[in-house]
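Work through the following exercises with the sequence and the model side by side. Each task is followed by a solution in steps.

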Amino acid sequence: MTDCNCIFCKIAAGEIPSRTIRETEEFRVVLDVAPATKGHALILPKNHYRNLLDLPQEMAQKAMVLAKETALSMKESLGCDGINLVQNNEEAAGQTVFHFHLHVIPRYEKDEQKIVWTPREFSREEMDEIADKLKR
Ligand code: 5GP
Ligand code: ZN
């Protein structure tokens with residue numbers, strides 16, 4: 001289950017060289033080619049899934065376990081002070097490569113990177129309505 005036009009399928013399959021830092025039967029973890037910080041990595045499933053909305057539950061669970069292991073090894077080997085997990089889904093959310101990937105970004109005191117949003121305000125009624133819609 002790969003997409004022959006997808007660069008991350010080729011990287012995950014090892015057809016395009018990458019700096020692989022971890023590999024399992026179902027995933028390859030590589031360094032991002034344009035890293036936000038020293039050690040910025042991407043968790044890539046070897047099968048093609050467009051994004052989280054398309055990812056089977058079991059693969060989502062495994063991706064998070066890999067993220068934890070990768071984060072621990074970044075702390076140990078790079079001495080980072082924190083970790084961000086970032087995962088973009090669809091263009092509106094900043095996704096640029098349409099093959100599921102989970103960013104694991106080591107953070108360092110004073111690394112001068114920012115992963116930001118601007119807090120917005122909603123009325124009490126709007127917040128109640130949103131919560132009602134989302135409740136399961
Ligand atoms: P997105 O914005 O879709 O969440 O992130 C895509 C990420 O893929 C970016 O951080 C970008 O630097 C990275 N990227 C794009 N092309 C390549 C590539 O060919 N190799 C690697 N290792 N990373 C890539
Ligand atoms: Zn793909």
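## Exercise 1: the strands and their order

Gly 82 has Arg 107 of β5 opposite to it. Residues are numbered from 1 along each chain as its sequence is written, and chains are lettered from A, ligands numbered from 1, in the order in which they are written. The model is predicted: local features need pLDDT of at least 70, side-chain atom pairs count only at pLDDT 80 or more, and totals for chains, interfaces and linings use all residues, while side-chain values use heavy atoms, leaving out hydrogens and water.

Task: Starting from this pair, establish what order the strands of the open sheet have.

Solution.

Step 1. List the elements. The protein has three helices and five strands, taken as DSSP runs (helices H or I, at least four residues; strands E, at least two) and numbered from the N terminus. From the N terminus on, they run α-β-β-β-α-β-β-α.

Step 2. Collect the pairings, where two strands pair if DSSP finds at least two bridges between them. β4 and β5 run antiparallel and are joined by five bridges. Between β3 and β5 there are three bridges, again in the antiparallel sense; here Ile 43 has Leu 102 of β5 as its bridge partner. Five bridges link β2 and β3, also antiparallel, and Arg 28 is partnered by Leu 44 in β3.

Step 3. Assemble the order. The open sheet of five strands reads β1-β2-β3-β5-β4, with antiparallel pairing. β1 and β4 each have a single partner strand and stand at the edges, so one side of each lacks a neighbour in the sheet. From one strand to the next the twist averages 20°.

## Exercise 2: the cover of β3

Task: Determine how many of the residues of β3 are buried, and which way their side chains point.

Solution.

Step 1. Apply the cut-offs: buried is under 20% relative accessible area, exposed over 50%, and partly exposed in between (1.4 Å probe, protein chains only).

Step 2. Count. Five of the five residues of β3 are buried, and the strand is mostly covered.

Step 3. Sort by direction. Ala 41, Ile 43 and Pro 45 point one way, Leu 42 and Leu 44 the other way. In a regular strand, side chains alternate between the two faces of the sheet.

Step 4. Set this against the whole chain. Of the 136 residues of the protein, 32% count as buried.

## Exercise 3: helix α2

Task: Check the length of α2, then find which of its residues are buried and what they pack against.

Solution.

Step 1. Compute the span. The expected value is 1.5 Å times one less than the number of residues. For the 22 residues of α2 (residues 57-78) this gives 32 Å, and the end C-alpha atoms are 31 Å apart, which agrees.

Step 2. Identify the buried residues: Met 59, Ala 63, Leu 66, Ala 67, Thr 70, Ala 71 and Met 74. They lie on the same side of α2, because they cover an arc of only 145° around the axis, taken from the directions from the helix axis to the C-beta atoms.

Step 3. Identify the other side, where Gln 57, Gln 61, Lys 68, Leu 72, Lys 75 and Glu 76 are exposed. Gln 61 has 54% relative accessibility.

Step 4. Find the packing partners. The buried residues of α2 pack against β1 (20-23), β2 (27-31), β3 (41-45), β4 (82-86) and β5 (102-107), contact being heavy atoms within 4.5 Å. α2 lies across these five strands and runs at about 20° to β5; axes are lines fitted to C-alpha atoms, for helices over the stretch in contact, and angles run from 0 to 180 degrees between N-to-C directions.

Step 5. Look past the end of the helix. Gly 79 follows α2 and has a positive phi, near 65°.

## Exercise 4: loop residues

Task: State where Thr 24, Glu 90 and Lys 110 are placed.

Solution.

Step 1. Thr 24 is in the loop between β1 and β2. At 31% relative accessibility, Thr 24 is partly exposed. Beyond its neighbours within four places in sequence, Thr 24 is in contact with Lys 46 and Leu 66.

Step 2. Glu 90 is in the loop between β4 and β5 and has a positive phi, near 75°. Its relative accessibility of 26% makes Glu 90 partly exposed.

Step 3. Lys 110 is in the loop between β5 and α3 (124-134). Its phi is also positive, near 60°, and at 79% relative accessibility Lys 110 is exposed. Most residues other than glycine have a negative phi.
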